[in-house]
Amino acid sequence: MRVLMLAPIRSSLYARVLAHLLAREQGMELVGIVVRRPWSWGRIRGELRRDGPRLLKKVYQKLVLGDAAFKSSPQRNLLTVAKESGLTAKTLQEIAAQAGCTCLTFGDHNDQKSLDFIRAQTPEAIAFTGGGLIRRDLLSIPKLGVLNCHMGLLPPYRGMDVVEWPVLEAASNAPPLGLTVHYMDAGVDTGPLLRLEKFGLEPGDDFARLRERLTARMPTLMFEVLRDLRNQRVLPAAQNSADGRQYYVLHPRMYTAAQRRLSQWLSSINQNSSAHSSAI
Amino acid sequence: MLQRLAKWLLPPAIRWLDDSVPESELEQFLNAKLQSVISVANWQAAQDQALVTRLRDQFGGPVPMPPIPDPAAEQAAQAAARCWLQTVTSRNAIERGVFMVGSADHLRVLLNTELDDTPRAWIDDQLERLLRHVETRRQESLQQFSPTLDKEAAWNERHAVTRLFLQVARERGDLRFLNAALKLNDWAFKFHRRMPADDPRLLGYIGNLVEQQALLNALEA
């Protein structure tokens, strides 16, 4: 199967792990990698509008710290997954060179030059690992579609901050957390579903730890779905728009409320487990 | 070297870009303005009465009694909203960034009105559109109105949208609308912090802040 990748920056660890897995898989052909230029007025303006001041933290972690951002973490994270997979390349260009394909950088994934390059590679599927909105012209290129791994469970939780929102909204049931691989369409996280994977809370969790755990699973999950598509072992399931809602960036006070809820959830888990132990 | 410099620059840069207002600053503002606003307020509308009750519950102190609710005024508002609904369902409350004046107040009245499925679905769609507009355009949202408004009237419309969002959050338990209302109130803060107490826009703003605080308290309870 011919797969092309869209990446947010050339050093993206998520993109590198996925590209590495694809490049060495039999029957999978990595036909090109398109990277979005990190510094452009349009990108900064768009991402600043979407993320607000936390964009700076993201830039610091991804562009300044890079892989070192994961080194201080005690739990299994994306860097652990990268090491386990045998990834040594520091950039997507290196992986592309190893795989015998081209890696190019454009101002935006939807630029005409980018579209021309992608069309010329005739990909059957495109794996999106970040870099902004994808327009219809690009969505229509691959035969199968453009795949995205969303850090939340679809269809209920579309949009932004969908790790924190379920915790904030959870009443008596455990918050629905997880990852969803889906085809992208013109809406926000409304495309057909390919795979859902649920995650539970663990003692000592905070949102950063939770996100780190989810992020660590993203490249392998995306890879598994691509492999299943190649083997025709997965069928897309259409979403019903009424089954979900779109969520937006949390206001700092709502984020604080979500953190408080998370602590409450975790203490209730601890209480239950200690009650269970004493009963045994 | 670069990492150290970036780490050192990060916190002040985040503070500089952050457009949210610290909780303590909002509380200080409310405490400073509340009594003076209450003393000059002209308690006419039903929502003012609800506000006064909440002010009394939350802050105590001498609060002037509002007039007795006027059922005739409420019925008139319902009738006006129903009439508006019949004429606008082929359009949207927000279309290409232009907000239809009066929509927020009518939608708020219609939230509690018995309606058939079709107009109810239309209202839900308008709420989602408004939410998306505010969340994606952020401080550039609610800048264009149809018909065009002067600055004072524009603020009244923005406050009406915030009040609508707060009511949706309260009645439907949809926290996304409280989230958006918090942002709208933060963005409005700099325009209201030095406003004189007898400016009617200040009452609308303070009412929204008090309702926002009440909802946050309920969320944290």
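Which residue stands opposite A:Ala125 in strand 5 of chain A? Select A:Gly145 and you have found the partner of A:Ala125. Before you go further, note that this is a predicted model, in which local features need pLDDT of at least 70, side-chain atom pairs count only at pLDDT 80 or more, and totals for chains, interfaces and linings use all residues. Residues are numbered from 1 along each chain as its sequence is written, while chains are lettered from A and ligands numbered from 1 in the order in which they are written.

**Stop 1: the strands of chain A**

Helices (H or I, at least four residues) and strands (E, at least two) are DSSP runs, numbered from the N terminus. Two strands pair if DSSP finds at least two bridges between them.

Stay with strand 4 (residues 125-128) of chain A, which pairs with strand 5 (residues 145-150) of chain A in the parallel sense over four bridges. Strand 4 of chain A also pairs with strand 1 of chain A, again parallel and over four bridges; here, look for A:Val3 opposite A:Ala125. Both faces of strand 4 of chain A are covered, with A:Ala125 and A:Ala127 buried on one side and A:Ile126 and A:Phe128 buried on the other. A residue is buried if 20 or more other C-beta atoms lie within 10 Å of its own, exposed if 12 or fewer, and partly exposed in between, with C-beta atoms placed from the backbone.

Now step over to strand 2 of chain A, joined to strand 1 of chain A by six bridges in a parallel run. Select A:Arg2 and you will see it opposite A:Glu29. Seven of the eight residues of strand 2 of chain A are buried. Add helix 1 of chain A to your selection: strand 1, helix 1 and strand 2 of chain A make a right-handed β-α-β unit (with the strands pointing away from the viewer, the path from the first strand over the helix to the second runs clockwise).

**Stop 2: A:Ile33 and the core**

Next, pick A:Ile33, which stands opposite A:Cys103 in strand 3 of chain A. Strand 2 and strand 3 of chain A pair in the parallel sense over five bridges. Not counting residues up to four places away in sequence, A:Ile33 touches A:Met5, A:Ala7, A:Ala19, A:Leu92, A:Ala96, A:Cys101 and A:Cys103 (contact: C-beta atoms, placed from the backbone, within 7 Å).

The largest nonpolar core has 110 residues, and A:Ile33 is one of those that touch the most other members. Such a core is a set of buried Ala, Val, Leu, Ile, Met, Phe, Trp, Tyr and Cys residues joined through C-beta atoms within 7 Å. Helix 9 (residues 207-230) of chain A gives the most to this core, with 10 residues.

**Stop 3: helix 5 of chain A**

Select residues 92-99 of chain A, where A:Leu92, A:Ile95, A:Ala96 and A:Ala99 are the buried residues of helix 5. Seen down the helix axis, these fall within an arc of 100°, so they line one face of helix 5 (the arc is that of the directions from the axis to the C-beta atoms). They pack against strand 1, helix 1, strand 2 and strand 3 of chain A. Just after helix 5 comes A:Gly100, whose phi is positive, near 75°.

**Stop 4: across to chain B**

Finally, bring up both chains: 21 residues of chain B are in contact with 21 residues of chain A. On the chain B side, the largest share, seven residues, comes from helix 1 of chain B.

Methods
Two residues are in contact if their C-beta atoms, placed from the backbone, lie within 7 Å.
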